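Trainee: Could you take me through a single part of this model at close range, and then place it in its wider surroundings? I would like one connected account rather than a list.

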Amino acid sequence: MNPLELVGAEPGPGFTVTLDGREIAALPGQTVAAALWAAGVTSWRATRGAGRPRGVFCGIGVCFDCLVTVNDRPNQRACLVPVRAGDTIRMQEGTGHGD
Amino acid sequence: MATERPHLAVIGAGPAGLAASLAAAAHGVRVTLIDSAAGAGGQFYRRPPAGLGARRPEALHHQWRTWRRLEDALAARVEAGTIRHLADHHVWCVVPAVPVGFVVHALLGPLQEEPVTVRADAVLLATGGYEKVLPFPGWTLPGVVTAGGAQAMLKGGLVVPGQRVVVAGTGPLLLPVATGLAAAGVEVAALVESADPKAFLRRPVALAAQPGKLAEGVRYGAQLLRHHVKLLPRHTVVAAHGEERLDAVTVAALDTHGRVRPGTERRVPCDTLAVGHGMLAHIDLAESLGCRIDGLNVAVDEEQRTDVPGVWAAGETTGIGGAALSLAEGHIAGRSAAARLTGTRLDPRAWARAARSRRRAREFFAALDTVHVPPAHWTEQVTDDTVVCRCEEVTAGAVRNAVDELGAGDVRTVKLLTRAGMGWCQGRMCEPAVAGLAGCEQTPARRLLARPVPLGVLARAGDPDDD
Ligand SMILES: Cc1cc2nc3c(=O)[nH]c(=O)nc-3n(C[C@H](O)[C@H](O)[C@H](O)COP(=O)(O)OP(=O)(O)OC[C@H]3O[C@@H](n4cnc5c(N)ncnc54)[C@H](O)[C@@H]3O)c2cc1C
Ligand code: FES
């Protein structure tokens, strides 16, 4: 059993996005975080100070641990932003502004 | 004509905000229901988006029939034009309007840049809460998520973070999280609860008053048994291990004083830890309006009114107590607001049933609260190099130093000396930890904005033509 089977999901046509250039499959309606989790990715950010990996923590937009760069916009909360076909997602280093 | 009715802005479309909107709309008020999520339902009734085509979303829920009733009633009201539902609207501030009423400032969509304002005669805050997690070594590793977060990703995105999970902490939320993950095919290696189940037996009166709740607990117990989930009461997670990702946790038994019993530590391999130590109310909007805060919750009277005229509050923003309590409070708040706004005679008998379930639920949760307390000596497990403030990467050592060497005596001073709580989340995640490590009470944070706001939006917010 997986979550999709549990609820009898019949998702609309899937599509791909890229994560640092690598193709990742996504389903319509998912957030960026959900698509990354589904692809087995659980961290997509390095912290500003110690450069430690982070991903989803609170899952509801409160903690800001899941920040990611989507289509060149840094600091998007992956747990809130819906994923769209062709999105270019980049792992985020520090502030995401390349400094 | 519908547009001449008084106008109530309800913020939050969870159980509380939905019940409030429906009650107010049914009693002569025009409602604008504003919520940051793409769909109504809040945390409890979070569902997968339409694109995922879930035919049986109820498989991840309980009280689904109640949701269907709320959903149908909302759709009918929206159709009739008495409720306007603004989804994807992130409210960052509510201010009194001149000469009367309120202006609700929101940012549109997930990017949260486009401003929207809503003017209303009164506002009802139903913004719910978020999970509290106390730190321990390794709690910032990917794979460690809040229990509610795991639940939210599961209910909303139909995804799980790994194959083998430990669910840990304290509180009633751990039960639906463990059973939900197990039903979705994740191996739940253990449910680690720091409370002592025997403590329930000392509170028979409040608990017996809620037979439905007890039955719910028994149902969860049966499901856990069916999935062979090992229950570890009076245990705690003392550390999470891994390099770039979680690969195990260490759990240990607690003594009757809430201290780890030496020698009881054992390592449990897992790729996910879903952890939570209770809930905290979202009170920022109430704080910026100047509402009185009682402890860490918005203070309300019998009618769910705050002490600021024209502002009501309902659901977990006024205190944590689950979906049924939120529904009851929302109903009362909506009825009260409608009566006050339409100038009809107030008759509390009209909501006697809701008031009764509110009283029982509050008593029940007050009893639960005395049982589900984090281990009294949790700070002893927090090593100096443990990051406490996740945003600013402030360690427990730095907080201790601020208190012991620099003489900080409260959370505010620790914050100024260490930057704990000054990052993106504005202390929402680290406040209980900083207070605990500093040995002081957690107090309301006085955050003036509920959401980060682009400076351009902030600069224009006072413009009279911004509507
Ligand atoms: C992550 C999480 C998962 C949970 N899962 C469960 C569960 O599975 N089972 C269970 O029994 N209990 C669960 N709970 C507890 C749950 O919160 C309550 O039982 C119930 O949902 C409370 O109802 P409410 O209406 O007070 O608030 P909520 O349901 O939390 O609704 C509040 C709503 O307000 C919105 N909101 C908040 N701030 C703003 C703002 N500034 N602008 C716009 N909108 C805003 C939110 O988007 C949300 O939709 C969970 C809690 C959390 C935090
Ligand atoms: S996981 Fe906390 S904000 Fe996205």
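Mentor: In this predicted model, strand β4 of chain B, residues 89-96, is joined to β5(B) by 7 bridges, and the two strands run antiparallel. Within that pairing, B:Val95 of β4(B) has B:Val103 of β5(B) standing opposite. The two strands make a hairpin with 5 residues between them, and in its turn B:Gly101 adopts a positive phi of about 85°.

On from there, β5(B) also pairs with strand β6 of chain B, residues 114-120, again in the antiparallel sense and over 7 bridges. Here B:Ala106 is the residue of β5(B) that faces B:Val116 in β6(B). This second hairpin likewise has 5 residues between its strands, and B:Gly109 takes a positive phi near 70°. Strand β5(B) thus has pairing with β4(B) as well as with β6(B).

How many of the 7 residues of β5(B) are buried? The count is 6 of the 7 residues in the stretch 102-108, so the strand is largely enclosed by the rest of the structure. When you look along it, keep in mind that in a regular strand the side chains alternate between the two faces of the sheet.

Turning to the surroundings, chain B also meets chain A, in a contact that takes 47 residues from chain A and 53 residues from chain B. The area buried between the two chains is about 4,100 Å², and carbon and sulfur atoms give 62% of it. On the chain A side, A:Val7, A:Trp37 and A:Phe57 lose the most area to chain B, together accounting for 19% of what that side buries. Between the chains there are 5 salt bridges, and one such pairing is that of B:Arg55 with A:Glu10, whose closest N and O atoms are 3.2 Å apart.

A residue that touches both chains is B:Thr140, found in the loop between β8 (129-131) and β9 (144-146) of chain B. Leaving aside residues up to four places away in sequence, B:Thr140 touches A:Pro53 and A:Arg54 as well as B:Val387 and B:Arg390. Its relative accessible area is 18%, and because buried means under 20%, B:Thr140 counts as buried.

For contrast, consider B:Leu448, in the loop between α13 (431-438) and α14 (455-460) of chain B. With a relative accessible area of 61%, B:Leu448 is exposed. Together with B:Leu449, B:Leu455 and B:Leu458, B:Leu448 forms a nonpolar patch on the surface, with about 400 Å² of accessible area between the four residues.

How values were computed. Residues numbered from 1 in each chain as written. Chains lettered and ligands numbered in written order. Predicted model: local features only at pLDDT ≥ 70, side-chain atom pairs only at ≥ 80, totals over all residues. Heavy atoms only, no water. Patch = residues over 30% accessible without salt bridge, like charges linked within 9 Å, V, L, I, M, F, W, Y side chains within 5 Å. Areas by Shrake-Rupley, 256 points an atom, 1.4 Å probe, with all protein chains shown as cover. Salt bridge = Lys/Arg side-chain N within 4 Å of Asp/Glu carboxyl O. Helix = DSSP H or I, 4+ residues; strand = E, 2+ residues; numbered from the N terminus. Buried < 20%, exposed > 50% of the residue type's maximum accessible area, 1.4 Å probe, protein only. Pairing = 2+ DSSP bridges. Contact = heavy atoms within 4.5 Å. Buried area = accessible area lost by both parts, 1.4 Å probe.
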